[in-house]
Structures are given as C-alpha cells and as structure tokens.
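Please examine the sequence and the structure shown below. The report that follows describes the surroundings of a ligand and one helix.

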Amino acid sequence: MKLLFVAAEIYPYAKSGGLADVAQALPKELNKDIVVTSIMPLYSFIDREKHKIYRLNKSFDIELGEELYRVELYQGFNRGVKTLFVYEESLCDRSGLYGDEEGDYADNYMRFGLFSKAVVMIAKAYNIEILHLNDWHTALAALWVRELYPSSRTLFTIHNLAFQGIYPHEAVTELGIDEKFFNSAGIEFWDSANFLKAGIAYSNKVTTVSPRYAQEILSVSFGCGLEGFLEQHQEKLCGILNGIDRELFDPLLDQAIAQRYSLYSLPNKSQNKRSLCQELGLEEPERPLFIFIGRFTKQKGLDLIIEALPQILEMDINISILGEGESDMASDLTKIAQEHKNLSLIFGYDESLSHRKYAAADFLLMPSSFEPCGLNQLISYRYGTLPLVHRVGGLYDTVIDIDEEESALCGRGIALKSLDTKGLKEAIARAVELYIQKPSRLLEIITKNMQCDVSFQESAEKYLDCYIDTIE
Ligand code: ADP
C-alpha cells in the first residue's frame, strides 16, 4: 500500500496547532507497516539547511483556470518518514502559514487550491494508491482526484469543522473547477464554494479526530451548518482518536526543560516549576501553578477564563497563559495581568516554552466549548500535569473525572460540572483542595496518567483498516 499523507503543516517544519503534531506523529507510526510519504508546502520561513531539505530534479506545470504555475519538488526526512515539499512562489513566500497580523491571506483559496491540485499530479507521478487529506487546505484534492487520477482513493480527515474554507462562487471559476461540481451534492454551500464540503463529498472515507466528535458534528450545535450534509455521508464517516509522539513529548528526554524526570523521579518536576516561575516572574512557586496554552478563542474557553480571572486570581495560585489569537481577548488579558502579579501572560507561539510549561505545571486549563480531539490534555498526561476540562469531543473520550468510578478510560482530570464561570471556579477550587489537602491522592492520579497509552499505535491500526476499506 502506497500512501501519501497531505497536510498544510507538519511538525517540525511548520506548526500552528495540533494538525502539525498529528501530521508528524501519525505518518511516523504508519510508516512501520506501510510505505508512507508526507507532503506539505515549502514555506519560505522553513530552514532548508537545518532540516536537510534538498531539491529534486522534478517540476510540475499546474493549470488553475487561466493561469499556469510551475511547482518544484523538494525532499527531506522527518524521523524516518520521507517528506516531499511543494514550492511555488505565490503559495510559499509568506511570513505566516495562513495569514499575518492583518488577518487571513485573501488568496488562500488559490494558494491551497494550487497545493491540492499539485498533490494530485504528484500522487499520480509517484503511483500513490491512497491520499490521506487533512482539513480544508487539502480538500480539493479529493475533487481533482476524481477527474485526474480516478484509480486512486482518498481519505479525508476533519481536524476542526469550524474551519471550512468558504469563498465566493468566483473562486471555483478562478481555480478552473468544472461547474458540474458546483451543486448541493458537491462544493456549493449557500451559493458559495466550501472546500471542506468538497472534501466530504468526494472522498471515499471521512474521519474525524475522536469518536465523540464524530457523533457531535451530526447535531446542529456542533455541525457548523454541515450537520445535514454529514448525515447524508454518515456511512463513510468515523471518529479515530488522535495520539501524540511519545518521544517528542517525554519529560525524560525533553531538551527544552530545566530538569528532566520520569515516573520514577517525579520530585524533579518541582525544579521545573521553580525555574519557570523565576523565568516568568511569578512569586511563591510553592503555590499551585495553572497553565493555559493555545489559541485565544471561545473554542478553547478563554472567554470563560477571562471572565472568571479576577476572582480566580484572588486564590492562592499562579496562572501562566501562552498563546495568540483574538485581539479583544489579548487586551482584556493584558489589563488583568497589569493588576495581578500572580498572572503571567506571554503572547505568541513558542514551542520550547510550551514544553517548559507542561513540565512545570500542576494543572492545565482546558475548558473548551467544543474540542475535536485536543492534544494538550494528552501532553499533560505525559508530563504529570492534571487537566481541568469541559468534557466535550475528544476531551470526553480521553478524560474522566477524578471522582468518577473506574472506567475504560485511562486518563483522569477534573471535569467542569457546567460550562460557565461557576463551573470553572468550582473546578479550580477542587484542584486547589486536591493540591493542598490530598497531595498523595494527586500524586497517585498523575502517576497513573503518566502511564496512559497516548501514542498513535492503536489509532494507526484503525486508519490502516480505513485505508483498506477505501480500496475494497
Ligand atoms: P488546536 O485546536 O489549536 O490544534 P490542539 O490541542 O489539537 O489544539 O493542539 C495544540 C498543539 O499546539 C499542542 O501541541 C500545543 O502545545 C501547541 N500550542 C498551541 N498554542 C501554542 C503556543 N502559543 N505556543 C506553543 N505551542 C502551542
């Protein structure tokens, strides 16, 4: 079986969130059983020398509407996985992945349309049997496969239904997509073009990143307008839980953290806390440390956190927030941080700092309003940090409350009883109580969490079954 794994971002080359982690870890796991090649755009900010990315003597002429683009092919290896890179100026010569301070790039439909069509031509040249497409940036490949390479099969994974790639009808013309695809069974969505919908329509199989989210998206509350369409395609839809690369997120191997530790040397974790508190200017490091890492959006429950912060910060705790996103949230946080010494706020994306935070923290804040899978809670398990979550989507599938009866789920955390500030404050109060009054119980829980299998092993087998399904 020859598989091409297609993503707009792959760690360590480019990462804006969980997609990049998955696009690194899953192909690595699959590569043990089948021949996997990954492919992504060669953004100009990627350091070719550092990552040993070399130019191949291959180029492809790609026609999009009236325009002809010449695409060059590069190659590297990502922990043993052959990775191809597509270079074309208008796709790659940008400072960001999808946008900059001024917002999303207006021509993203052309950029990722080009990438998707190039992927199909490259798949054909390499005799690829199955294309594994991820999110809307790659979805049009499913449509073009039907026209240009019909003997191959496609599996499309939805990592977040909230991002669909919706553009005016003219985009279809500009991309040179045949009008026959612009209908309610295809790419058309309320008179606009919806890339993700095309991915659902034309792929042989559709997956999403947790079993619970696969059910939730069939409802109005989580379906983002596509619930009816997904229901029509329910037969080919399934949820497969994400995992993480256990080697990349291992406190015993992690080069980014102050003091390495494992299950058997857990007291060393506290050195990381002291060191991070010093780095961030947080006083009294013996207090419980809560962290938030992620995009500033309602999805991640940051609106709730902001609303509750002034009261939460009156408790004897430290909070550290790292991320970027909605500017209103950023300015609200800035104001609160000016008035509270026990809140540290860092804007931006910083991989190494995120590792130092997982290693240092006692608790992770993740009160998501919806969560396709979520990786932060899995990473937290690895680092002996207890997640506080709203049990929705993948958080439902991976976290059970510390006071619940034993269950098949491996990992435990503190579950919000309601998704509001009251629920959040109560959860934090429970965490503080556990930390202060029942440290041995806390130790017992995080020790068990550290032993959970959060790898991709089991899920990779499920993907293999799905690939086989697409052929049969
Ligand atoms: P998302 O919905 O944003 O993809 P996930 O929970 O699936 O969220 O994955 C988030 C990944 O990105 C994790 O590896 C997390 O540590 C990382 N991450 C998110 N925001 C930041 C940031 N500001 N700096 C560093 N790492 C981040």
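## The ligand and its surroundings

A nitrogen atom of the ligand lies 3.0 Å from a polar backbone atom of Asp350; a polar contact is a pair of N or O atoms within 3.5 Å. The model is predicted, so local features need pLDDT of at least 70 and side-chain atom pairs count only at pLDDT 80 or more, while totals for chains, interfaces and linings use all residues. Residues are numbered from 1 along each chain as its sequence is written, and side-chain values use heavy atoms, with hydrogens and water left out.

The polar contacts described here are as follows.

| Ligand atom | Protein partner | Distance |
|---|---|---|
| nitrogen | polar backbone atom of Gly348 | 2.9 Å |
| nitrogen | polar backbone atom of Asp350 | 3.0 Å |
| oxygen | N or O atom in the side chain of Tyr358 | 2.7 Å |

Taken alone, the ligand exposes 570 Å², of which the protein buries 92% (Shrake-Rupley method, 1.4 Å probe).

The ligand is surrounded by 20 residues, and the closest are Gly18, Asp21, Arg295, Tyr358 and Leu375; a residue counts as near if one of its heavy atoms lies within 4 Å. Domain 1 (2-244 + 456-471) and domain 2 (263-449) both contribute residues to this shell, so the ligand lies between them. The domain bounds come from an automatic or database domain assignment.

Helix 15 (residues 421-437) has 17 residues; helices are DSSP runs (H or I) of at least four residues. Among the buried residues of helix 15 are Leu424, Ile428 and Tyr435, where buried means under 20% relative accessible area (1.4 Å probe, protein chains only).

Notes:
Helices (H or I, at least four residues) and strands (E, at least two) are DSSP runs, numbered from the N terminus. The expected span of a helix is 1.5 Å times one less than its number of residues. Buried means under 20% relative accessible area, exposed over 50%, partly exposed in between (1.4 Å probe, protein chains only). A polar contact is a pair of N or O atoms within 3.5 Å; within protein, one must be able to donate a hydrogen and the other to accept it, and residues adjacent in sequence count only if both atoms are side-chain atoms.
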